Amino acid sequence: MLKNERELEILAALRSAGYEVYVPQEHDIPGAWEMPNEEWAKKVFVNDVDAIHSCDVVMVLNFGMYSDSGTAWEAGYAAALEIPVIQVLCGFENCTYSLMMMNGCDKIIHAENVAFWESECACVGRDKIIQK
């Protein structure tokens, strides 16, 4: 399940711009309700890792300092694999972001610029972001 309308808008913008987008929440594990939690969790993890290995870019939605631990892990794993990581800032004005997330990515953009994220004019400088 996606968190909010903001996520849905971002996905729609990317898909309308012609990008193929993989969203873990959109992929069910067959038989998940009958599995022990450990088995289900392992399958989710493996699917996520496989998706990261098969992508060209990892784009993560960042809602602030403690946005989502899974998202932070995905961004770090992609960075370790030298897959470009794009942070999409979805927090409110003057939102504080994790310095590890901000400095461990290749590009930072605001959510409203997501459809043209490849353009340099979509970028946000790290010096313009409150980091802790």
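This report describes strands, pockets, cysteines and a few single residues in a predicted model.

## Strands β1 and β2

Strand β1 spans residues 58-62, and strand β2 covers residues 85-89. The two strands run parallel and are joined by five bridges. Two of the pairings can be named: V60 of β1 has Q87 as its bridge partner in β2, and N62 is partnered with L89. Together with helix α3, which spans residues 69-80, strands β1 and β2 make a β-α-β unit, and this unit is right-handed.

In a regular strand, side chains alternate between the two faces of the sheet. Strand β1 has one covered face, made up of V58, V60 and N62. Its other face, with M59 and L61, is uncovered.

## The surroundings of β2

Is β2 enclosed or open? Five of its five residues are buried, so the strand is largely enclosed by the rest of the structure. V85, Q87 and L89 point one way from β2, while I86 and V88 point the other way. Residues on both sides of the strand are buried.

Strand β2 also pairs with β4, which spans residues 107-110. The pairing of β2 and β4 is parallel and has four bridges. In this pairing, V88 stands opposite I109 of β4.

## The largest pocket

How much space lies in the largest pocket? The value is about 1500 Å³. The lining consists of 41 residues, and those closest to the centre of the pocket are Y22, V23, P24, Q25 and D48. Four elements give two or more residues each to this lining: helices α1 (5-16), α2 (37-53) and α3 (69-80), and strand β1 (58-62). Helix α2 gives the most, with seven residues.

Sorted by class, the lining of the largest pocket holds 27 nonpolar residues, eight charged residues and six polar residues.

## The second largest pocket

The second largest pocket has a volume of about 210 Å³. Its lining has 15 residues, and the ones nearest the centre are L89, F92, N94, Y97 and H110. L89 is also the residue of β2 that is bridged to N62. The lining of the second largest pocket divides into eight nonpolar, four charged and three polar residues.

## Cysteines

A disulfide is a covalent bond between the sulfur atoms of two cysteines. How many disulfides does the model have? With a cut-off of 2.5 Å between the sulfur atoms, the count is zero. For C105, the closest cysteine sulfur is that of C123, and the distance of 9.6 Å is too far for a bond. C123 is in no disulfide either, and its nearest cysteine sulfur, in C121, is 8.2 Å away.

C105 and C123 can also be described by how much of each residue is accessible. C105 has 7% relative accessibility and so counts as buried. C123 has 29% relative accessibility, so this residue counts as partly exposed.

## Residues in loops

E82 lies in the loop between α3 and β2. Is E82 buried or exposed? Its relative accessibility is 73%, so E82 counts as exposed. The phi angle of E82 is near 65°, which is a positive value in a residue other than glycine.

A111 and A122 both belong to the loop between β4 and β5, where β5 spans residues 130-131. A111 counts as buried because its relative accessibility is 6%. A122 also counts as buried, because its relative accessibility is 1%.

Two distances, taken from C-alpha to C-alpha, relate these loop residues to other parts of the chain. A111 and G76 are 35 residues apart in sequence and 20 Å apart in space. A122 and F45 are 77 residues apart in sequence, and the distance between them in space is 31 Å.

Conventions
Residues are numbered from 1 along each chain as its sequence is written. This is a predicted model: local features need pLDDT of at least 70, side-chain atom pairs count only at pLDDT 80 or more; totals for chains, interfaces and linings use all residues. Side-chain values use heavy atoms; hydrogens and water are left out. Buried means under 20% relative accessible area, exposed over 50%, partly exposed in between (1.4 Å probe, protein chains only). On a 1 Å grid over the protein atoms alone, a cavity is a set of points where a 1.4 Å probe fits but cannot get out, and a pocket is an open set with protein on both sides within 12 Å along at least five of seven lines; lining residues have an atom within 4 Å of a point. Grid points are joined across faces, edges and corners, and a volume is the space filled by probe spheres set on the points. Ala, Val, Leu, Ile, Met, Phe, Trp, Tyr, Cys and Pro count as nonpolar, Asp, Glu, Lys and Arg as charged, and the others, Gly among them, as polar. Two strands pair if DSSP finds at least two bridges between them. A crossover is right-handed if, with the strands pointing away from the viewer, the path from the first strand over the helix to the second runs clockwise.
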